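Colleague: I should be grateful for a close look at a single part of this model, explained for a first-year student. Please begin with the detail and then work outwards to its surroundings.

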Amino acid sequence: MDQRPVGARQARELLRVAFGPSLVALVVIAAIVLLQLLIANSDMTGALGAIASMWLGVHLVPVSISGAELGVMPLLPALAMVWGTARTTAAATSPNGSWFVTRWVVASALGGPLLIAAIALAVVHDAASVLTQLQTPHALRAFGGVLAIHAIGAVVGVGSRVGGRLMAAASLPSWLPDAFRAAAAGVLALAGLSGVVMAGSMVVHWSTMHDLYSITDSIFGQLSLTVLSVLYIPNVLVGTAAVAVGSSAHVGLATFSSFTVFGGDIPALPVLAAVPTPPLGPVWVALLIVAAASAVAVGQQCSRRPLPLVPAMGKLLVASALAALTMTLLGYAGGGRLGNFGDVGVDQATFGPAVFLWFAGIGALTVVMAGGVARRPRAPMATVDYVDDRMGERGDDRIDDDLDEDVEPEAEDVPEPAPGDVEPEPETQIEDVEPEADAELPGQPHVEAAPDPRTDPPNDIVEDPEEHFMADDDGPPGTH
């Protein structure tokens, strides 16, 4: 158990939140840059500028080298930075802690990276005065990218700890966490199935990938191409998802969709061997199955807790909107300017709406079929006890609510028994009344009660026993 004061522990946690993920990224980037310079037998003149530029590039800040803008930054480091921020903020946030401490955690998660961003801009500006090929990024774009990355991570991390309290304080619907879970399931399903399609396409275009690797003969160059391909895999997944939902992706003049492909020059990056080549075969139309399967995943998650029709559809629409917004942000972050190749990215005008329509349409059908819409409970029906006169058993008969139990049927309404039917016995059973043996009315003669076949057991005993015997010489009755 930590014996330090509470203030010291909180200060250490805030420092970890503020500088932990950013310092880890700086260490990794510095190791990569120094290794590159060492292998290239270069001096360390622009090492600090390269490290600062790469740290800003991790936060999707465009980098300009010799007048060529590299705006298409890899999404994998940015997603790793979001995950690191979310993890540190979640570890420093207590579910039952005060809102004052929670606000300090969020402020630390944003303030530390912004401070490092300011230092990185100053280092790049100083290095640009020596290395004329390196240009200083736009300050507003740099601070905006850093703030967006760490704000998303802080919201995810803190929200995972105090989301329930915040919803209760804001009187939000109780099904909202299920909508977030369904949106995450839809995004992961769409990305995962797109990855399967991308891997299959790379296998089909294996010769193209081999040609892209052949641009360099050194092992170090091929290793660098492999690392770059891994970093850009999320970008390709987003483009594949855009094609799957009916939108389009483009690399300069080359455009790819589920229905048509326009060829063009593409960068020599091995992972781009997955893009289709014209003429487009009918197999790419099967990409629409990916969108439908992802929408089914959203509907199944929304059906885990059945709700009435209006809340169930509201939960589905919120989940679809969140998934569409997430994919739109990923499409925007994964695109940009790529030097002489032109703009790279997805069609923003159709990508988000297409995701929403797929998830809302197929998802609604899945919710209805999977039992996500709860039926209204029926009003309880009244019960009445009755005695079955024929069977002699007791039962419950359900009647409608509008039955008046106090009103007895009139005599003329009772149908007469048909001939041959057994007349029902009265409701008051005779065996329930036990008459006293000695109870007689005064002044009345004693009268033997007639045996009741319903209560008295049958008496088959004959008073004269000789009537049961017959002599050998006796014949049938009436012969003597």
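Colleague: In the hairpin of β4 and β5, which residue takes a positive phi, and how many residues stand between the strands?

Modeller: The residue is G252, whose phi is positive and near 70 degrees, in a hairpin with two residues between its strands. This is a predicted model, in which local features need pLDDT of at least 70 and side-chain atom pairs count only at pLDDT 80 or more, while totals for chains, interfaces and linings use all residues. Residues are numbered from 1 along each chain as its sequence is written, and side-chain values use heavy atoms, with hydrogens and water left out.

Some terms are needed at the outset. Helices (H or I, at least four residues) and strands (E, at least two) are DSSP runs, numbered from the N terminus. Two strands pair if DSSP finds at least two bridges between them.

In the hairpin itself, β4 and β5 (residues 254-257) run antiparallel and are joined by four bridges. Within this pair, H250 stands opposite T255 of β5. Strand β4 also has β8 as a partner: three bridges join these two strands, again antiparallel. Here A249 faces V346 of β8, and V251 is opposite V344 of β8. The hairpin therefore belongs to an open sheet of five strands with antiparallel pairing, in the order β6-β5-β4-β8-β7. At its edges are β6 (261-262) and β7 (336-337), each of which pairs on one side only. In a regular strand, side chains alternate between the two faces of the sheet.

The residue S248 begins strand β4, which covers residues 248-251. Its relative accessible area is 16%, so S248 is buried (buried means under 20% relative accessible area, exposed over 50%, and partly exposed in between, with a 1.4 Å probe and protein chains only). Contact means heavy atoms within 4.5 Å. Beyond its neighbours within four places in sequence, S248 touches A242, T255, F256, S257, V346 and D347.

Strand β8 leads on to the helices. Together with α3 (75-92), α6 (176-204), α9 (233-244), α10 (288-302) and α12 (348-369), β8 (343-346) is included in what covers the buried residues of α11. Those buried residues are A312, K315, L316, A319, S320, A323, A324, M327, G331 and A333. The expected span of a helix is 1.5 Å times one less than its number of residues. Helix α11 (residues 309-333) has 25 residues and should span 36 Å, which agrees with the 36 Å between its end C-alpha atoms.

Two of the helices that cover α11 also pack against each other. Two packed helices are described by the angle between their axes and the distance between the axes. Axes are lines fitted to C-alpha atoms, for helices over the stretch in contact, and angles run from 0 to 180 degrees between N-to-C directions. The axes of α6 and α10 come within 8 Å and cross at roughly 155 degrees. The two helices are therefore roughly antiparallel (angles under 35 degrees count as roughly parallel, over 145 as roughly antiparallel, 65 to 115 as roughly perpendicular and the rest as oblique). On the α6 side, residues that make the contact include A182, A185, A189 and L193, and on the α10 side they include V290, A293, A297 and V298.

Helix α9, another of those that cover α11, packs with α8 (residues 219-231) at an angle of about 45 degrees, the axes being 4 Å apart. That angle makes α8 oblique to α9. The contact joins S229, V230 and L231 of α8 to I233, P234 and N235 of α9.

For comparison, the model has another open sheet, with three strands in the order β2-β1-β3 and antiparallel pairing. Its edges are β2 (68-70) and β3 (134-135), each with a single partner strand, so one side of each has no neighbour in the sheet. Three bridges join β1 to β2, and S64 has E69 of β2 as its bridge partner. In the loop between α2 and β1, L60 takes a positive phi near 65 degrees although it is not glycine. At 12% relative accessibility, L60 counts as buried. By contrast, S171, in the loop between α5 (139-170) and α6, is exposed at 64% relative accessibility, and its phi is positive, near 55 degrees.
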